[in-house]
Amino acid sequence: GCLELMEVIHRLPGFLPETTWMIEATDGYCGTIQGVREETGQGMIQNLGIVPEQRGLGLGKALLLKSLHGFREVGLKQVFLEVSARNRRAVRLYHQLGFTIHKTFYREIAPIEEAMYVI
């Protein structure tokens, strides 16, 4: 899945290689993060994911910090992302690193509350 996400993201307008990283473990890729510059000029994290077997090791935090550094390198001071409120581990990580809720979305298709976080 990590390679597929990388294949798709690098074709998007605004793709920022400085904000896009992948982690490889001994048995293959285990985590990825991708970032883009939106039409508004803000940075957006498109995906942050760690395979279940590697969660809880701090890899998500390391990827997020590396990506945020990349956004800063290209001159973007504001970054946002969307996350399901049910993804409590991710929400906790984003709060720890200074993200705040900017908007809350309610989707009619699925009963999942989502929020946009900004740093």
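Helices (H or I, at least four residues) and strands (E, at least two) are DSSP runs, numbered from the N terminus. By that rule R72 lies in helix 2.

This is a predicted model: local features need pLDDT of at least 70, side-chain atom pairs count only at pLDDT 80 or more, and totals for chains, interfaces and linings use all residues. Residues are numbered from 1 along each chain as its sequence is written, and side-chain values use heavy atoms, with hydrogens and water left out.

## Overall layout

The protein chain has 3 helices and 6 strands. From the N terminus on, their order is α-β-β-β-α-β-α-β-β. The chain holds 119 residues, and 37% of them are buried. Here buried means under 20% relative accessible area, exposed means over 50%, and partly exposed falls in between (1.4 Å probe, protein chains only).

## Strands and their partners

Two strands pair if DSSP finds at least two bridges between them. Start with strand 1, residues 21-25. Strand 1 runs antiparallel to strand 2, and 5 bridges join them. Within this pairing, I23 stands opposite G31 of strand 2. The two strands form a hairpin, with 2 residues between them.

Strand 2 also pairs with strand 3. This pairing is antiparallel too, over 7 bridges. T32 faces G49 of strand 3 across it. Strand 2 and strand 3 again make a hairpin, this time with 5 residues between them. G41 sits in the turn and has a positive phi of about 95 degrees.

Why is strand 2 described as largely enclosed by the rest of the structure? Strand 2 covers residues 28-37, and 8 of its 10 residues are buried, so the rest of the structure largely encloses it.

Strand 3 has a further partner, strand 4. These two run parallel and are joined by 2 bridges. M44 has F80 in strand 4 as its bridge partner. In strand 4, 5 of the 6 residues are buried, so strand 4 is also largely enclosed by the rest of the structure.

## The largest pocket

On a 1 Å grid over the protein atoms alone, a cavity is a set of points where a 1.4 Å probe fits but cannot get out, and a pocket is an open set with protein on both sides within 12 Å along at least five of seven lines; lining residues have an atom within 4 Å of a point. Grid points are joined across faces, edges and corners, and a volume is the space filled by probe spheres set on the points.

The largest pocket has a volume of about 620 Å³. Its lining has 25 residues. Nearest the centre of the pocket lie L48, N87, R89, A90 and L93. Four elements give two or more residues to the lining: strand 3 (43-50), helix 2 (59-73), strand 4 (79-84) and helix 3 (88-96). Strand 3 supplies the largest share, 7 residues.

What is the make-up of the lining, in nonpolar, polar and charged residues? The lining has 11 nonpolar, 9 polar and 5 charged residues. Ala, Val, Leu, Ile, Met, Phe, Trp, Tyr, Cys and Pro count as nonpolar, Asp, Glu, Lys and Arg as charged, and the others, Gly among them, as polar.

## Exposure of single residues

R89, from the centre of the pocket lining, is found in helix 3. M22 belongs to strand 1, and E82 to strand 4. The table gives the exposure of these residues and of R72.

| Residue | Relative accessible area | Class |
|---|---|---|
| M22 | 27% | partly exposed |
| E82 | 34% | partly exposed |
| R89 | 51% | exposed |
| R72 | 65% | exposed |

## Links across the sequence

Each of these residues also has a C-alpha distance to a residue elsewhere in the chain. E82 and N47 are 35 residues apart along the chain, with 9.1 Å between their C-alpha atoms. R72 and T19 are 53 residues apart in sequence, with a C-alpha separation of 9.2 Å. For M22 and L48, 26 residues apart along the chain, the C-alpha distance is 9.7 Å. R89 and R55, 34 residues apart along the chain, have C-alpha atoms separated by 9.9 Å.

## A charge over a ring

A charge sits over a ring if NZ of Lys or CZ of Arg is within 6 Å of the ring centre and within 35 degrees of the ring normal. K66 lies over the face of W21, at 4.8 Å from the ring centre.
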